[in-house]
2 protein chains.
Amino acid sequence: MSTVAKAVSLLEVLGQGEPERTLADLARSVDFDKATTRRLLLALMDQGLVEQDGGSRLYRLGIGVARLALMREAQFPFLRTAIPIAEALAARTGETVHFSEHSSRGLISVHVVESSKANRVAVPVGETLPLHATASGIAFMAFADRRVMEAALNARLASYTPHTITNPMAIRELVSAAHARGYSIGAQGYEDGVFSVAAPILGARGTAVGALAIAAPRARIEPPDTEALGAAVVESASQISERLTGRRAKAAND
Amino acid sequence: MSTVAKAVSLLEVLGQGEPERTLADLARSVDFDKATTRRLLLALMDQGLVEQDGGSRLYRLGIGVARLALMREAQFPFLRTAIPIAEALAARTGETVHFSEHSSRGLISVHVVESSKANRVAVPVGETLPLHATASGIAFMAFADRRVMEAALNARLASYTPHTITNPMAIRELVSAAHARGYSIGAQGYEDGVFSVAAPILGARGTAVGALAIAAPRARIEPPDTEALGAAVVESASQISERLTGRRAKAAND
DNA sequence: TGTTTTCGTTTCATTATTTAAAACGACATT
DNA sequence: AATGTCGTTTTAAATAATGAAACGAAAACA
C-alpha cells in the first residue's frame, strides 16, 4: 500500500462518521499503528488537508480539501453547472433529483436535491453507485466508453434487493435499451421501493462523464409517468452537457 | 519532504493554471523526476483525486477532491452557511464581499461574491491572506487565540504596498482597536487602492475560525461609510457564527 | 523528407522514508 | 491506588520511494 493511498484513506475516514475524531480512534479505523497514523496526520495538517482542535486534539478534515475542490470547480464547473439545473428539475417534477460523476473509483453521487414531498427518497452524497444496479449506472454505461461496461460486468455483481438484476446478459439489454431510449429506468435494483429514471451527462468527447437521475417512491409512479419523467431527465441532462462542453472547448492557451 | 507533502503539492499544481496538464509539464512545475511524478499521479488516480483524459493523457483534479469537500461540508457546513449571508451582504452594500477560513497554512480566502458595480475589487479564491496586512487578518487575530498573533508577529512581516504596516507595535494597536470595535479597517495594506472592513467568524469555542470582509475601491469610500459598512459586516459575520455553532456566539469583549 | 527533440513509460540498484514496538507521562475511570 | 487509555517520542528494521538510463512513439523542426 503506497503512502499516498494510506494518507487518502485517512482523509476518507475523517470524512465519515463523527466530524471530529481522536488519534486512537482513527488509528483503529484505518488499522495503522498509532505512531504511523499520527505521522500521516501531521503531514496532512502541514498541507492544510487536516485540522486539529487546539484544546481537545481532535482531528477533522481541513479547509484544504475545500480549497482543492474550489480550484477544480474553477477549472471544470461541474457542480456550478449541474446544481441549478437539477434544482429546476426537482421543482418541476416534485421528486428527488441527484447526479453523479464517474471516476476511477466508480460512479460517485455528488449532489442531491431532495423532493419537498413528505414521502421522498433519500440519497446519500459521496456514495459509490453500483453501475449494474442503479438507473444512473445503466444510463452511464449506455453512453460511456465500451470498456467501462465490460469491466463492470466482469466484476462480481452484488445484489442489493430481491429486485437486483445480476445477470450480465440482462444488464446488457437494459443498457442497449437505455441507449436507444436516451434514458434508463431503474426499478428497486438498489433500494427497495425506489423507482428512478436517469440520463447521461456527456463530456467534451461525447462520452458520458456522469448521470442525472430522478428518484421517487415506487408507489407514486404510474407507467404513464415514466415517459414524462424520462423526457424531463433527458432534457435537463442535455442542458448540463451543453453548458459543460460549451465552456470547456475554448481555453487552451498561455 | 514527506511523500504526502509531495503528493499534495502535485494536487495544488494541478489546481492552478490550465485545467489539464501533461506529465512532463507537471514534473517541471513541482521539480520531481518524471518517474516520481508519474508514480505519485498514478497513486492519486487510484484514490480518485486525480483523473486522466483517456486519449490525450492529460491530468486534472479528480472528483475525489469534490467528494472530500462535500463530506467536510456535511460535517461542518461552512460554505453552505456563509455563502448566502455573504451574498445578502454584497447585495445590500453593493460591494465585493469575501470570506476566509483559518488553517495551519494561514488564513485562506475561500469564497468571493463580486460586486455588480463596474469598478469593483477582485479577490482571488484560494489565496493565503497575510494576517498583518489585511483587514481579514487583523479581525481574525483580534478574536483568535492569543498565540496566533504572537506567531504572526514573530515572523517576517512582508510589505505589499507603500501603505503596508509592518511595525509589530502598530499592528498590535490595530488588533486591539478591532477587538474593541468589533471589526477591523484595512486601508490599502495588501492591495493598492483597496479599502476594506472585516469581522471575525467565531467557532464553537468562541474564538475566530475565519473572517468576513467587504472590499471596495478606495475612491468610493467616504469616512461616514466606514461605520455603516463596519456595522453591516459585524452583523453578517455574527449571523454566520450563530448558524455555524448552533447557538448564540458572543462577539463581545471578554 | 529526414532529423532532432520531447513525450510517456518501464526497469532496477541505491537511497531515503516509513514503520511499529516499546516506553513515557498525563489523564480518566474504577 | 490501580487500571486503562490517551497522545507523544524514540529506535532499528522493513519497506517504499527515487532517479538515471533506455525505449519506442509522437511532435517539432529542418
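Start at the shaky end: over residues 247–254 of chain A, pLDDT stays under 50, and the model has four contacts there beyond four places in sequence. Where pLDDT is low, the predicted coordinates shouldn't be read in detail. This is a predicted model, after all. The chain as a whole scores well on confidence: chain A averages a pLDDT of 91, with 97% of its residues at 70 or above.

**Layout of chain A**

Chain A comes in two domains, domain 1 covering 3–67 and domain 2 covering 76–248. Taken over C-alpha atoms, their centres sit 32 Å apart.

**Where the two chains meet**

Chain A and chain B each put 45 residues into their contact. On the chain A side, the elements giving at least two residues each are α1, α3, β2 (59–61), α4 (63–75), β3 (96–103) and β4 (106–113). Which of them gives the largest share? That's α4(A), with 11 residues. Sorted by class, this side of chain A has 25 nonpolar, 12 polar and eight charged residues.

**Around the DNA**

Both chains turn up beside each DNA strand, as the closest residues show.

| DNA strand | Residues around it | Closest residues |
|---|---|---|
| DNA strand C | 18 residues | A:Asp33, B:Thr3, B:Thr22, B:Leu23, B:Ala24 |
| DNA strand D | 18 residues | A:Thr3, A:Thr22, A:Leu23, A:Ala24, B:Ala35 |

Near DNA strand D, the elements that give two or more residues are α1, α2 (23–30) and α3 of chain A, plus α1 and α3 of chain B. By class, that surface splits into seven nonpolar, five polar and six charged residues.

Near DNA strand C, at least two residues each come from α1 (3–15) and α3 (34–46) of chain A, and from α1 (3–15), α2 (23–30) and α3 (34–46) of chain B. The largest share there, four residues, belongs to α3(A). The class split for this surface reads seven nonpolar, five polar and six charged.

**A hairpin in chain B**

One last stop is strand β6 of chain B, residues 184–187. Its covered face carries B:Ser184 and B:Gly186, while B:Ile185 and B:Ala187 lie on the uncovered one. In a regular strand, side chains alternate between the two faces of the sheet.

What does β6(B) pair with, and in which sense? Its partner is strand β7 (residues 194–202) of chain B, and the pairing is antiparallel over four bridges. B:Ser184, from the covered face, has B:Ala198 in β7(B) as its bridge partner. Six residues lie between the two strands of this hairpin, and B:Gln188 takes a positive phi near 60°.

Methods:
Residues numbered from 1 in each chain as written. Chains lettered and ligands numbered in written order. Predicted model: local features only at pLDDT ≥ 70, side-chain atom pairs only at ≥ 80, totals over all residues. pLDDT = per-residue confidence, 0-100. Contact = placed C-beta atoms within 7 Å. Near = placed C-beta within 6 Å. Nonpolar A, V, L, I, M, F, W, Y, C, P; charged D, E, K, R; others polar. Domains from an automatic or database assignment. Buried ≥ 20, exposed ≤ 12 C-beta atoms within 10 Å, placed from the backbone. Pairing = 2+ DSSP bridges.
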